[in-house]
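Q: Please take a close look at one part of this structure: any space enclosed inside it, and the residues around that space. Then set that beside a few of the contacts made elsewhere in the chain.

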Amino acid sequence: MSFDQVRQRRLSDGIVERLEAMLLEGTLKAGERLPAERTLAEQFGVSRPSLREAIQKLVAKGILVSRQGGGHFVIESLGATFSDPLMALLENSIHAQQDLLEFRHTLEASCAWYAAQRATEGDRERLTAAFECLADCYRRPAEVSRLEEGAADASFHLAIAEASHNAVLLHTIRGLFDLLKRNVVTNIGGMYQQRSETRDMLISQHRELYEAIMSGQADLAREVSSRHILYVQEVLLEAQQEAERVARAERRRGF
């Protein structure tokens, strides 16, 4: 009877696992530059040759890319949920925007529920910073563009996804971040025109969601998140129906 020799595990394989874990947990983000080799080797407590070997393995896997004189970067498309052409189609379709809200209704409620249970002190600090940035946008409506407000809104929901400590939820939200941001920008324009109380309602809902997560009330966080998206859907449907009535009236005037 013969046995295969036991192969000693290469140090670079352990480094690869560490870096891949950082990608999954969101510590390393798409397009982000890795720290300098010396810094990273010191942080991991390994030699630079072992680190280089690990990086080359990740380059071969298509996870990292090397740039001449610029170091190593996480690929831009990591976690991209949709292609750019499809993103454009989704962004310009009224029905797809409604579909996105239905998708957010399911996804963000789950993120909120998990975040309330799992958020660490660091997560709470990041969530607080994101909420304060959003609240500042609401306090200065005349000075803040819709694009800035949309980015702050999307960043707040991304911070909740990060606090959920669910890699699939996090990377799904991250992959949709640009679409989510533009969806918010589109939504708030129509909502503010439709109902005068919209701004107060949105900040109230976001504050209630923030406080539920910070206090660890998972069921309440999920309920508030769900109620928030349902409110957005309600106001946008109302605005769409109003626009359709106006369009019909204009067509009748043309005959």
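**Cavity linings and helix contacts**

A: The second largest cavity has a lining of six nonpolar and two charged residues, with no polar ones. This is a predicted model. The residues in question are L100, F103, R104, L107, E108, I173, L176 and L180. Helix α5 is the main contributor to this lining, with five residues. Since α5 covers residues 94-118, these five are L100, F103, R104, L107 and E108. The two charged members of the lining are R104 and E108. The space in this second cavity comes to about 50 Å³.

It is one of three cavities of 30 Å³ or more found in a search of the whole structure. The largest of them holds about 80 Å³ of space. Around the largest cavity lie L101, R104, D153, V184, N187, I188, M191, L202, H228 and V232. R104 therefore lines both the largest and the second largest cavity, as it has an atom within 4 Å of a point in each. Three helices, α5, α9 (177-194) and α11 (218-253), each give at least two residues to the lining of the largest cavity. The largest share is that of α9, with four residues. By position these are V184, N187, I188 and M191, while H228 and V232 fall within α11. By class, the lining of the largest cavity has six nonpolar, two polar and two charged residues. Its charged members are R104 and D153, and its polar ones are N187 and H228.

Elsewhere, helix α2 (residues 37-44) packs against helix α3 (residues 48-60) at an angle of about 105°, and their axes are 9 Å apart. An angle of 65 to 115 degrees counts as roughly perpendicular, so α2 is roughly perpendicular to α3. On the α2 side the contact is made by E37, R38, L40, A41 and F44, and on the α3 side by R48, L51 and R52. This contact has four nonpolar and four charged residues and no polar ones.

Aromatic rings give a further set of contacts, with a count of three aromatic pairs. One of these joins F131 and F156, whose ring centres lie 5.9 Å apart with 55° between the planes, a tilted arrangement. F131 belongs to helix α6 (residues 121-139) and F156 to helix α7 (residues 146-163), so the pair links parts of the chain 25 residues apart.

Methods
Residues numbered from 1 in each chain as written. Predicted model: local features only at pLDDT ≥ 70, side-chain atom pairs only at ≥ 80, totals over all residues. Heavy atoms only, no water. Axes fitted to C-alpha atoms, helices over the stretch in contact; angles between N-to-C directions. Parallel < 35°, antiparallel > 145°, perpendicular 65-115°, else oblique. Contact = heavy atoms within 4.5 Å. 1 Å grid on protein atoms, 1.4 Å probe; cavity = no way out; pocket = protein on both sides within 12 Å on 5 of 7 lines; lining within 4 Å. Points joined across faces, edges and corners; volume = space filled by probe spheres on them. Phe/Tyr/Trp six-rings, centres within 6.5 Å; stacked < 30°, edge-to-face > 60°.
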